[in-house]
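Please open the model in a viewer and keep the selection panel at hand. The stops below are arranged so that each selection leads to the next.

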Amino acid sequence: MRPDLEYTDIAALHGPLIVVRRTSGVGWDEFARIRSATGEERHGLVLEVHEDIALVQVLEGTAAMTTGGTRVTFTGGPLRIPVGDGWLGRVCDGRGEPRDGGPPVFGTTTAAVSGSPLNPTRRLPPADPVLTGVSAIDALTTLVRGQKIAIFSSAGLPHLELAAQIGAQANAGGEPFSVVFAAMGLTHADAATVRDALEERSAAGELALLLNLADDPVIERVLTPRLALTIAEHLAFTGGRHVLVVMADMLGYCEALREVSVARGEIPARRAYPGYLYSDLASLYERCGRVRGMPGSVTVVPVLTMPARDMTHPVPDLTGYITEGQIVLSPDVPVRPPVDALSSLSRMMRAGVTPAHLDLAAQCLAALARARQARELAELVGETALGDTDRRHLDFERAFLDHVVAQRADECRTLAETVDRVWRALAVLPRRELTMIAGDVLDARHREAV
Amino acid sequence: MGTLTRVNGPLVEVAGLPGLAMFELVGLGPVRLPGEVVEIRGDRATVQAYEYTGGLRAGDPATAYGRPLSAGLGPHLLGGVFDGLLRPLSGADVWLTGARTPSGGREWRFTPLVTAGDPVDLETPLGEVETAGAPSYLVLAPAAGRVGAIRPAGPVGPGEPVGRVGGRDVTLLRRWPVRRPMPYRERLEEVVPLTTGQRVVDLLLPVSRGGTVAVPGGFGTGKTVLLQQIAKWCDADVVVYVGCGERGNEMAEVVAALAELADPRTGGRLADRTVVIANTSNMPMMAREASIYTGVTVAEHFRSMGHDAVVIADSTSRWAEARREFASRSGAMPAEEGYPADLASALAAFYERAGRVTTLGGRTGSVTVIGAVSPPGGDMTEPVTAHTQRFVRCLWTLDRDLAYARHYPAVSWSASFARDAEAIAGWHAREGRPGWGERRARVASLLAEADRLALLAELVGAAALPARERVALLAGRLLREGVLQQSALSPADAFCDAERTIALTDAVLGVIGRCEELAARGVPAGRIEQSDFSPVLRAKDDAPDPETVRARAEGVPGAP
């Protein structure tokens, strides 16, 4: 009945928005189908209903639409998508339509893309690691199942390669594992890199890939991460898998949000982003977690480029307030991947590693901090004027970059190998400097290089 | 029954409900999502909805409840976890939706303290309820009058009256409109400190019972860990922890930790003196706005029983942002950075609900408010941070440089203030701890001197400084590492009482004094610096009592 009703009284077209008059019974956040005069189908979400007027944001934009001849139908409720294993091995666009030439994705059941907040008393604190096979991350900023941790990068750095490498290699130590990768505003070249890196995972039926490319409809990006998380929640909490959700690039998502906000004439907050950016980002990032009495976990890794490397920009700033840590890439790090260990942090790491590993990581960070001080001093007075301990710390920094951080994009290291490499780097430091590691551990592992 | 005319996210407009009052509770749509009237124009009222409004339509029904948004207060609060409207989360569904099934409630053991026929005043205790926690739970007379009936000692079921006063039944559940401060007889002038167990706070930036604190800090500065430490260890009777728009995993952690930790004062669980209000950042936004008021209402409820309650709100910035979003949707003229013009007055009014008072029933109780502030981009000049500082007695600014140097708690001693410090020094003197103010002044001046010299040393190199100044730099380091740093993970040091704080501080000050003497006698600064200070620096983690601490300091620095 009602879902078949077509409304044709279009009062205005404005940016990505369309105003439909003389509607009845349209609900807020309802999903809409829009057929333009030329017969092309587009999709929309209801942003506001006011008596008989509905304001709809058009995911594909309003280009070439006319007030006459446009027909809008409403689906009777907020958007739901099919969920289930059918997404695995598939490549779809930002709205979930197949991009791989396959049939539409079907599922045994559907779920609302906006999700429902997880009752905080039913959350299990994150625990146990998601191993990425990337030494810089597994050694010092371990991902923990149920955690959200962001990758902060800037233009020109290989954050997508790193994100794809994590997506390709991540595992939960033999337990069922899947990856949902949501790409927002990626160039065709970047998307190809991601697809190549993730090919094996896709072939193994462990990957759902949602691609919204740079020349795809911008407003569609508002939906893409929500689809990804909805798919992931079902794979995890019903399917019993540990699911890693990678969302890149969040800046593209936030820009789409800003575009809608500006078109609506909302009062802007920082840098013209809407005042609800924090809540909106939280509604995505907070969908990570583990649930008491349910199997699986959802771990979320948003990737974002900081405009002009500015960490106080609203997108990285608000992301930092919500996520439980960050992995920072810096052009100042001379190896690939350029992970800046001192700026990176995993707040949940304690729950994912052994106490001995935690001590080892703390020791590395302390030594790297000391090395950074020594390097600043050396720039003033010259390296030859440094004391022996300071010089050994500089040696450690080099060894750490070479043995631990530097890693090929197709190289997957076991945790044991990563730890071995950390000890090899620590060999350049004298035992008296390793005050954070227990004596018996030092006896067993520390071989001071002469 | 009225109808909805407009739905714009949490902003809903209703028509056809004549006689609506401001802040009246309204049920929206067929499942009656809760909302609160915030504006009335003619026959239209604007309602802020406390749940996700997806699917609500123009034309859907609206119901007026005839009462303001109010919280249900009772003995079930202690040890529980609630949402921003104080609905229990413990028994609620895994995935929260707008509709909640009310829980049946449980039986409580009631002991009467009056007998039928007694005349009682307003807030005279009628009886006591046994709870798992230490704080005694009193049922207070809602009005003066004569006790018509009182229940004998024994179990009381949910909703059953425990007595009758002045012709009105009294039950264990009391409703209070959260935006209205609970009345008290008078504010007390006397200043009594709240011991938080965190040295940098208790020593340098103490807070009084009934005081107000703002804790601004950018992300990664350890704000939540510091607040959680205070929630666990401060010597209040009741702690209300409001997670306002923050991380769900952290809420899960704090709830799990409170359930496991023993209360050092009573031996019970810390959870049993704690009320957790969890409105994580993905839960409906406008409930965040209410949760701050709900939290302080719960604290006032326990204050009326004569308890010292502490409200910890993490973070007030999310509350302010919720107000901003709503103001923006309702088309209000924006003031600073889009916040509504009443931001400053709303902040002031909220913090004024703190206070140490004589209650209407003549007991002494307090509500202390500790509010986290999350400045965007670490900008301390942004409106919420700037205005909050005007209205609080205490400011604990968290410093990013300290946090990067892994100095926790990263409370800046130079950018913070404590306006009750002198009065608290006077209280310590009366309690037999003279010299408290002098000790604080000495530590503060040593830290300030070390900071000044550190800037100088960055320019000219520490080696170029005279011995006296190099010892002053050393003094700063010893105070930072031996006294101010405190690990939340250290079993011996997570909580530090007043005596141990004094012992640690005096031990380090003694070492500093001896270093100064050595420098004055002409011992080269390099040799003083090379002494082994680790016994006294490690004392905070491995010397459990004041005697051991004092023993550690002896002979440091060693004879050069």
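The tour of this predicted model begins with the domains of chain A, passes to the interface between the chains, and ends inside chain B.

**Stop 1: the domains of chain A**

Colour chain A by its three parts: domain 1 covers 2-78, domain 2 covers 81-352 and domain 3 covers 356-445. Place a centroid on the C-alpha atoms of domain 1 and another on those of domain 3; the two centres in chain A are separated by 60 Å.

**Stop 2: a helix crossing in chain A**

Next, select helix H9 (residues 355-381) and helix H10 (residues 388-405) of chain A. At what angle do the axes of H9(A) and H10(A) cross? The crossing angle is roughly 115 degrees, and the axes come within 8 Å. The crossing of this pair, H9(A) with H10(A), is left-handed.

Show the side chains at the contact. H9(A) contributes A:Cys364, A:Ala367, A:Leu368, A:Arg370, A:Ala371, A:Ala374, A:Arg375 and A:Leu377, while H10(A) contributes A:Asp390, A:His393, A:Leu394, A:Phe396, A:Glu397 and A:Phe400. Coloured by residue class, the contact of H9(A) with H10(A) divides into nine nonpolar, one polar and four charged residues.

The spacing along each helix can be read with one general rule in mind. An α-helix has 3.6 residues a turn, so residues three or four places apart point the same way.

**Stop 3: the interface between chains A and B**

Now display both chains. In this interface, 49 residues of chain A are in contact with 47 residues of chain B. On the side of chain A that touches chain B, at least two residues each come from strand E4 (41-50), strand E6 (71-78), strand E10 (123-124), helix H7 (277-285) and helix H8 (314-322) of chain A. H8(A) gives the most to this side, with five residues. By class, the chain A side of the interface comprises 21 nonpolar, 16 polar and 12 charged residues.

Select E4(A) together with strand E1 (residues 2-8) of chain B. These two strands pair across the chains in the antiparallel sense, over two bridges. For one bridge, centre the view on A:Val49, whose partner in E1(B) is B:Val7.

**Stop 4: parallel strands in chain B**

Hide chain A and select strand E23 (residues 274-279) of chain B. Are the residues of E23(B) buried or exposed? Six of the six residues of E23(B) are buried. B:Thr274, B:Val276 and B:Ala278 point one way from the strand, and B:Val275, B:Ile277 and B:Asn279 the other.

Add strand E22 (residues 238-244) of chain B, which pairs with E23(B) in the parallel sense over six bridges. B:Val242 stands opposite B:Ile277, and B:Val240 has B:Val275 as its bridge partner. Strand E8 (residues 81-82) of chain B also runs parallel to E23(B), pairing over two bridges; here B:Phe82 stands opposite B:Ile277.

E22(B) is mostly covered too, with seven of its seven residues buried. One side carries B:Val238, B:Val240, B:Val242 and B:Cys244, and the other B:Val239, B:Tyr241 and B:Gly243. Extend the selection to strand E24 (residues 308-314) of chain B, which pairs with E22(B) in the parallel sense over six bridges. B:Tyr241 stands opposite B:Ile312 in E24(B).

**Stop 5: a helix in chain B**

Finally, select helix H7 (residues 383-391) of chain B. Its buried residues are B:Val384, B:Thr385, B:His387 and B:Thr388. The buried residues of H7(B) pack against strand E21 (212-216), helix H5 (316-329), helix H6 (343-351) and strand E26 (364-373) of chain B.

Definitions and conventions:
Residues numbered from 1 in each chain as written. Chains lettered and ligands numbered in written order. Predicted model: local features only at pLDDT ≥ 70, side-chain atom pairs only at ≥ 80, totals over all residues. Contact = placed C-beta atoms within 7 Å. Helix = DSSP H or I, 4+ residues; strand = E, 2+ residues; numbered from the N terminus. Nonpolar A, V, L, I, M, F, W, Y, C, P; charged D, E, K, R; others polar. Pairing = 2+ DSSP bridges. Domains from an automatic or database assignment. Buried ≥ 20, exposed ≤ 12 C-beta atoms within 10 Å, placed from the backbone. Axes fitted to C-alpha atoms, helices over the stretch in contact; angles between N-to-C directions. Left-handed = near helix turned anticlockwise from the far one by under 90°.
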